[in-house]
Amino acid sequence: MTTALWTLLAMLAFAANSVLCRLALRDGAIDPALFTVLRLGAGALVLSAIVSARGPAAAGRGSWASALALLAYAGGFSFAYVSLATATGALLLFGAVQATMIGIGVARGERLLPVQWGGFVLAGGGLVWLLLPGLDAPSPLGAAAMLLAGVAWGLYSLRGRTGGDPTRVTAGNFVRAAALSAPLLALAWPKLPPQAQGVWLAIASGALASGVGYAIWYTALPRLRATTAATVQLGVPVLAALAGIVLLGEAATPRLAVATVAILGGIALVVRTGGRT
């Protein structure tokens, strides 16, 4: 299978996470806390099976700190999609992830060119525009939850740059995060039992969109240039938005369109100009 096809499949899987989560939560088919637990558990099982099938253990087992960041991401993601549209959630998540990684890089002494600073400001302006009060502004609580999820995922991604075989590390982190997520069942208890559709969507999100998706991405990643890998991820919010419109009947608002161009365009200026990962 070609690198381009592996990459496309991974981006489709990442976008599917937003669609599956929103589909499960918008009509109350499952509680967001239980969705998080099932997603992490299913992802842990699939990723563990994948690394076990590869034979002898490679370096890297994950860590509790990374698992905590993973849990914060997954939990914020689920609670946000109770109220956010698919496209809005994906855009807020992606913007927060990249802003976190770029901001930490600058804080550590990395230098941005003037055009990169322009891109950073443009992307930040897009986020502000998306969140400004108005008739089509997203839910403040949902937006805050997704921004926190994005920060957590940005921290998780930075921690994941070292530590051995990325698929095995991710599997270890999912196993730990699944264990850490158990207390969330107390939040879900009053709303049990969930609808069968919600359960299956949570399992699909964890097993396929997360577990298989990450395995595919880490298969493609070594074959991609750093700037290419960073740039192709710009397509995830776009794919999620299209799926939300086509599959879920969500509206494409002018505010969302302007914010999408500003955020993704700004981030593209940063990663393409500076060769960031």
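**Helix packing and two residues in context**

A polar contact of 2.8 Å links the side chain of Ser 66 to the side chain of Arg 159. The model in which this pair appears is a predicted one. Ser 66 belongs to helix 3, which covers residues 64-80. Its relative accessible area is 5%, and because buried means under 20%, Ser 66 counts as buried. Once neighbours within four places in sequence are set aside, the contacts of Ser 66 are Tyr 156, Arg 159 and Asn 173. Arg 159 thus appears both as a contact of Ser 66 and as its partner in the polar side-chain pair.

The packing of helix 4 against helix 6 comes next. Helix 4 spans residues 86-107 and helix 6 residues 140-159; their axes lie 7 Å apart, at an angle of about 45°. That angle makes helix 4 oblique to helix 6, and the crossing of the two is right-handed. On the helix 4 side, the residues that meet helix 6 are Gly 89, Leu 92, Leu 93, Ala 96, Val 97, Thr 100, Met 101 and Ile 104. Helix 6 contributes Ala 143, Met 146, Leu 147, Ala 149, Gly 150, Val 151, Trp 153, Gly 154, Leu 155, Ser 157 and Leu 158. Sorted by class, the residues of this contact comprise 14 nonpolar, five polar and no charged.

A second helix pair is formed by helix 2 (residues 32-53) and helix 7 (residues 166-180), which pack at an angle of about 145° with axes 8 Å apart. Here the crossing is left-handed. From helix 2, the contact draws on Arg 39, Leu 40, Gly 41, Gly 43, Ala 44, Leu 47, Ser 48, Ile 50 and Val 51. From helix 7, it draws on Thr 167, Arg 168, Thr 170, Ala 171, Phe 174, Val 175, Ala 177 and Ala 178. The class tally for helix 2 with helix 7 is ten nonpolar, five polar and two charged residues.

Ile 50, one of the helix 2 residues in that contact, deserves a view of its own. With a relative accessible area of 25%, Ile 50 is partly exposed. Beyond residues up to four places away in sequence, Ile 50 touches Thr 167, Gly 211 and Ala 215. Thr 167 is also among the helix 7 residues that make the contact with helix 2. Along the chain, Ile 50 and Ala 209 are 159 residues apart, and their C-alpha atoms are separated by 14 Å.

Conventions
Residues numbered from 1 in each chain as written. Predicted model: local features only at pLDDT ≥ 70, side-chain atom pairs only at ≥ 80, totals over all residues. Heavy atoms only, no water. Helix = DSSP H or I, 4+ residues; strand = E, 2+ residues; numbered from the N terminus. Buried < 20%, exposed > 50% of the residue type's maximum accessible area, 1.4 Å probe, protein only. Polar contact = N/O pair within 3.5 Å; in protein donor to acceptor, adjacent residues only side chain to side chain. Contact = heavy atoms within 4.5 Å. Axes fitted to C-alpha atoms, helices over the stretch in contact; angles between N-to-C directions. Parallel < 35°, antiparallel > 145°, perpendicular 65-115°, else oblique. Left-handed = near helix turned anticlockwise from the far one by under 90°. Nonpolar A, V, L, I, M, F, W, Y, C, P; charged D, E, K, R; others polar.
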